[in-house]
Amino acid sequence: MSGIDDVLRLDGVGKKFGAFTALHEAWLRVQPGEFVTLLGPSGCGKTTLLNLIAGFLEADAGEIFIGGKLVTQTPVWERDIGIVFQSYALFPHMDVAKNVGYGLRARGVSRAEEAARVAEALAMVRLSALADRKPRQLSGGQQQRVALARALVIRPSLLLLDEPFSALDRNLRMEMQFELKEIQLKLGVTTIFVTHDQGEAMSMSDRIAVMSEGRILQLDTPEAVYRRPAHRFVAGFIGDATVLRGRLLGMQGGKAGVSAAGVTFSVPAAPLEGVAPGADIDVFLRPEHLHPAEGGEALEGTVVSRAYLGDRAELLVETPGAGRVLLRVPGLAALERWGVGAPIRMGFAGAEPVAFPTG
Amino acid sequence: MTTAFRLLVVLLLAFVLMPAVVACIAAFDTRALIAFPPVGFTWRWFVRALTYEDFQIGFVNSLHVAAIASSIAIIVGSAVAYAIDRYDFAGKRVLEAILLAPLAIPHFTIGLGALIVAYQVGMARGWSVVVACHVVLVLPFVLRSLYVSLKNMDPRLEAAALSLGAKPWRVLLTVTLPGLAPGLAGGWIFAAILSFNEFTASLFVTVQRTQTLPVAMYNYVREYADPSMAALSALYILLTTVLLTVANRFLGLGRILGTEDVRH
């Protein structure tokens, strides 16, 4: 990677609040047009990192580059960014067109150009008809789109999204996610998205930075963080998992053999580095790693709870050897065969679990 | 709502309104000595109240003092409220306590203190001591009104404006000040009404030339006992009510006084 085209580059950026380290040295390089998500629970440092990139906070350590320019000491208004906040932060005393044109007026763009670009931006978010409304006359989804138009009309190098969907209800949230992703792809604008919602992160991102306690634990594609989590926290935070206590049998090449609940699995060896053969480990199984099975190696148990979700159902199964296990089955089959109290055999054909040292 | 509770509310309202109602009714009495209940009806005392020279001068004086004192209080108050709300600095709590202190100090103490200081610097007979005294008295109310407006403003608005490339002075003029406008206007009107009605401290710091309307009224009562005073009181109440209604209509008193939360 040459690194010369990086739209955003963080070189060891850190931030302390008194004795509390909100962000340990963070390293990140974002390519043009990339959609990178900072994902983690509240207090993980993702908002601190966003505020450092935007310039609302000053870094204690490291350097920040936006569009190839060193901006560590640059004030917010010279950083060439667009931000959409969770609260939208529309100016209540200005109508929609004035809100969207604010950044253009601040840049001294001519009135004619402002009008043309505002019209174009409003058309992009399908709000042309509402240009003279005040923000309080708009629905949450409409306010969100105004905020997006206002951030994009200045053609920023970098678009920052601070939990923009949290205030919307579920259906609207899905719709806005698709719409935002479509606009982002069309404009090719490099985007940093902050969220605590793993579903949003998985569906929209090119890469996800999973954060916990002020550190970026893993930075990779949605597929990789889901299928090959590098850290115990990542495996637990992204997707559902059943944790089985097991034992390390041995390592060879990049693979490790582990046994849990009387079954032998092959898992990536990297997370188990330094663990002695024979030591206890935890095996993380995804719901789709398990399926009802007639023969072969299997885990036997009894259904203790069933959540019917239409196309599928989630079964919580009590097993004598491995405690409670979550598995996902087709909805109709669950209704027909696996009520509460029904016995079930679960096989592991095609499973690719991961294992970590015991937490 | 139970009958007992309703009765309590009615009694409470009667208690609050009674002095004003009695004064207003007494203003129309035909007798030259103020008394209740009235025995006739006349506008005479209203005419006298409006044409009496000391009242006319006092009214104009009061208008000037109220306008200047509340304007100064708004400018000082908004700077201080903004600093206290947005920044951390040494002595912040002390400054806040000092500026809110006039709420707890009797007006005559403030008036007496101002008079002594003004006498020392040879300004006891001027306007500045009257205005300065009123600024001190209304500042706590102005501060309170502006605090509420600042607290109700989403700090992300200023952040968003900065991120859009606006320099801080531009953000202040185009986002912060328009957002505070209702609080500024409401605070100003409150300060003006308080200043216009202020008597105790004014009694100490005014002289014949600078006397405000309440002081002129007091001087009148010492010599006459006719219902002109009651008539003037009625006019006072009318003017204040009109101002408050206008303020409430356009600004929302609940919002200014912080009895209503507008943050969503």
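**Note on a predicted two-chain model**

1. Strand β16 (residues 298-308) and strand β19 (residues 343-347) of chain A run antiparallel and are joined by five bridges. Within this pair, A:Thr302 has A:Pro343 of β19(A) opposite it. The coordinates discussed here and below are those of a predicted model.

2. The β16-β19 pair of chain A belongs to an open sheet of five strands, ordered β15-β19-β16-β17-β18, with antiparallel pairing. At its edges stand β15 (291-292) and β18 (323-330) of chain A, each of which pairs on one side only. As background, strands of a sheet pair through backbone hydrogen bonds, either parallel or antiparallel.

3. Chain A also holds an open, antiparallel sheet whose five strands follow the order β13-β12-β11-β14-β20. The edge positions belong to β13 (263-268) and β20 (354-357) of chain A; each has a single partner strand, and therefore one side of each is without a neighbour in the sheet. On average, and ignoring direction, neighbouring strands of this sheet are turned by 45° against each other.

4. At the β13 edge of that sheet, the partner strand is β12 (residues 255-260) of chain A, which pairs with β13(A) in the antiparallel sense over six bridges. One of the residues involved is A:Ala260, whose bridge partner in β13(A) is A:Val263.

5. Earlier in chain A, strand β1 (residues 8-17) runs antiparallel to strand β4 (residues 61-66), with five bridges between them. A:Arg9 is bridged to A:Phe65 of β4(A). β4(A) is also joined by two bridges to strand β5 (residues 69-70) of chain A, again antiparallel. A:Phe65 takes part here too, with A:Leu70 of β5(A) as its bridge partner. A:Phe65 thus has a bridge partner in β5(A) and is itself the partner of A:Arg9.

6. The hairpin formed by β4(A) and β5(A) has two residues between its strands, and A:Gly67 there has a positive phi near 60°. A second positive phi to check is that of A:Glu163, near 45°, in a residue other than glycine. Most residues other than glycine have a negative phi. A:Glu163 sits in the loop that connects β7 (158-162) and α5 (170-187) of chain A.

7. For chain A, the UniProt record, an unreviewed entry, places the feature "domain: ABC transporter" at residues 8-238. Over that range the chain is 36% helix and 26% strand, and its end C-alpha atoms lie 25 Å apart.

8. What secondary structure does chain B have? Chain B has twelve helices and zero strands. Read from the N terminus on, its elements are α-α-α-α-α-α-α-α-α-α-α-α. The C-alpha trace of chain B spans about 70 × 60 × 30 Å along its principal axes.

9. One peptide bond in chain B deserves a look: B:Phe36 and B:Pro37 are joined in cis, with omega about -5°. B:Pro37 is in the loop between α1 (3-26) and α2 (44-51) of chain B. Most peptide bonds are trans.

10. How many residues does each chain bring to the contact? Chain A contributes 23 residues and chain B 18 residues. About 1700 Å² is buried between chain A and chain B, and carbon and sulfur atoms give 65% of that area.

11. Across the interface of chain A and chain B there is one salt bridge. The salt bridge links B:Arg156 to A:Asp162, with the closest N and O atoms 3.8 Å apart. Between chain A and chain B, five residue pairs are in polar contact, both residues of each at pLDDT 80 or more. On the side of chain A that touches chain B, β6 (81-84), α2 (96-106) and α4 (140-152) of chain A each supply at least two residues. The largest share of that side, four residues, comes from α2(A).

Key
Residues numbered from 1 in each chain as written. Chains lettered and ligands numbered in written order. Predicted model: local features only at pLDDT ≥ 70, side-chain atom pairs only at ≥ 80, totals over all residues. Heavy atoms only, no water. Pairing = 2+ DSSP bridges. UniProt positions renumbered as here; feature names shortened; annotations may be inferred. Axes fitted to C-alpha atoms, helices over the stretch in contact; angles between N-to-C directions. Contact = heavy atoms within 4.5 Å. Buried area = accessible area lost by both parts, 1.4 Å probe. Salt bridge = Lys/Arg side-chain N within 4 Å of Asp/Glu carboxyl O. Polar contact = N/O pair within 3.5 Å; in protein donor to acceptor, adjacent residues only side chain to side chain.
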